[in-house]
Amino acid sequence: MLIKDSVKSFVQLLSSKIFVQTLNLITLPIVLRYFVPSEYGKVALYQAVYGLLAIFLFFTHHAKARFGREEYDATGNFRKTFWSVFFIKLPIVLFAGISIFYFHKYIENYIGLSSEIIVVLLFLTFLSPISNNIDFLNVQEKYGIMSLLGLVDVLTRLMLIAFLLFAVFPPYAILLILINLFGTIVQFIITFFLLYRQIGLPLFDWRWTKDILIFSLPFLIHVIGATTVGYIDVIVIRKYLPLSDVGVYAVSYKINCILFVPLTIMMTMLMPRIISLYNQNQHEQISWFYSRFTPQISFIISQIFCFFMLFLPLLPLIIGQKYNNAISPLAVVLISFSAAPYVYLMVPKF
């Protein structure tokens with residue numbers, strides 16, 4: 001039953017993601033035709049700065065999955081979990097906001113953008129305590145709604161293409177950043193109204209908050225390492241090479257992220273189901289699933305990936321000659337994919 005339901009949910013989410021990512025791949029050559037590598041590099045640097053902030057803003061992600069599912073199974077809502085995460089994040093957000101404001105000149109010089117980007121960073125920072133509500137859709141296994149939310153990404157992508165084709169705005173990095181910000185706001189509004197009944201009025205439960213914080217602290221250490229590794233490459237390139245090289249690498253990294261989408265879907269979809277089975281003491285089903293299903297699916301995905309690697313030399317036909325140097329870094333970052341299927345599938349278990 002677990003495998004049947006998991007496969008159904010996986011196909012549902014995967015279909016949505018494939019549609020969104022296929023659109024990204026189709027429109028990527030159009031976007032790259034307008035954006036020179038240096039402007040694309042500025043977007044990557046902005047994402048690196050925000051990614052480092054996100055280490056501390058979103059380290060409770062797995063706690064929301066675990067405690068939110070436990071509370072949902074028991075009460076049908078996740079009020080304590082939502083507000084506990086909110087109160088944990090509140091002092092972090094205040095400190096981050098002050099830091100951004102104080103160091104804004106250094107951030108602007110590093111990214112190569114004007115002060116408008118500081119406003120965007122501050123807005124996203126202060127939005128974070130009540131954002132990322134899509135985690136609670138996952139808690140309820142509302143994969144159909146999660147799939148429909150992918151249409152927001154389609155909307156923002158089509159807006160970007162329209163702006164470029166009709167020359168509404170010049171192809172500067174700030175355009176890409178503001179388009180993504182628009183998508184973030186739309187998703188936040190939709191999910192908040194979908195979930196506000198399960199969230200309810202503010203509630204502070206000290207014990208629940210303490211348990212979430214204790215559970216999350218090891219993930220903070222993990223996220224610091226994983227996120228730093230994810231952005232150290234951009235930081236190093238920015239220090240020693242021109243912005244154009246940052247842009248070329250950003251294209252390879254974006255393609256890498258697209259290829260990892262099926263794995264993140266599997267982890268997202270399995271998390272609430274495994275937590276429920278664990279709370280119901282059905283450990284034999286969990287063990288059977290991981291002893292039989294995980295090695296097989298990991299092997300199949302790895303083989304598909306190896307076949308894909310044969311077509312890397314054809315990549316310039318898609319992304320254009322301006323970014324043809326993206327092949328080498330893409331081949332390097334994709335090495336981790338050989339072990340990634342097994343790792344991603346094991347995350348819900350631990």
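For my purposes a cavity is a set of grid points where a 1.4 Å probe fits but cannot get out, and its lining residues have an atom within 4 Å of a point.

**Entry 1, the cavity.** I worked from a predicted model, and I began by searching the whole structure for enclosed space, which turned up one cavity of 30 Å³ or more. I noted a volume of about 30 Å³ for the largest cavity. Which residues line the largest cavity? I listed Lys64, Phe82, Val85, Lys89, Pro129, Ser131 and Phe136. Sorting this lining by class, I found four nonpolar residues, one polar residue and two charged ones. I then looked up which element gives the most to the lining, and it was helix α4, residues 79–102, with three residues.

**Entry 2, Glu71.** I next turned to Glu71, which I placed in helix α3, residues 61–75. I found Glu71 to be buried and yet without a salt bridge, the nearest side chain of opposite charge being that of Lys80, 5.3 Å away. That pair does not count as a salt bridge because the definition asks for a nitrogen within 4 Å of a carboxyl oxygen. What I did find for the side chain of Glu71 was a polar contact of 2.7 Å with the side chain of Thr81.

**Entry 3, Ala167.** Last, I checked the backbone at Ala167, where phi is near 55 degrees, a positive value in a residue other than glycine. I wrote this down because most residues other than glycine have a negative phi. Ala167 is found in the loop between α8 (143–165) and α9 (173–199). Is Ala167 buried or exposed? I recorded Ala167 as exposed, with a relative accessible area of 61%.

Key:
Residues numbered from 1 in each chain as written. Predicted model: local features only at pLDDT ≥ 70, side-chain atom pairs only at ≥ 80, totals over all residues. Heavy atoms only, no water. Helix = DSSP H or I, 4+ residues; strand = E, 2+ residues; numbered from the N terminus. Buried < 20%, exposed > 50% of the residue type's maximum accessible area, 1.4 Å probe, protein only. 1 Å grid on protein atoms, 1.4 Å probe; cavity = no way out; pocket = protein on both sides within 12 Å on 5 of 7 lines; lining within 4 Å. Points joined across faces, edges and corners; volume = space filled by probe spheres on them. Nonpolar A, V, L, I, M, F, W, Y, C, P; charged D, E, K, R; others polar. Lys, Arg positive; Asp, Glu negative; His and termini not counted. Polar contact = N/O pair within 3.5 Å; in protein donor to acceptor, adjacent residues only side chain to side chain.
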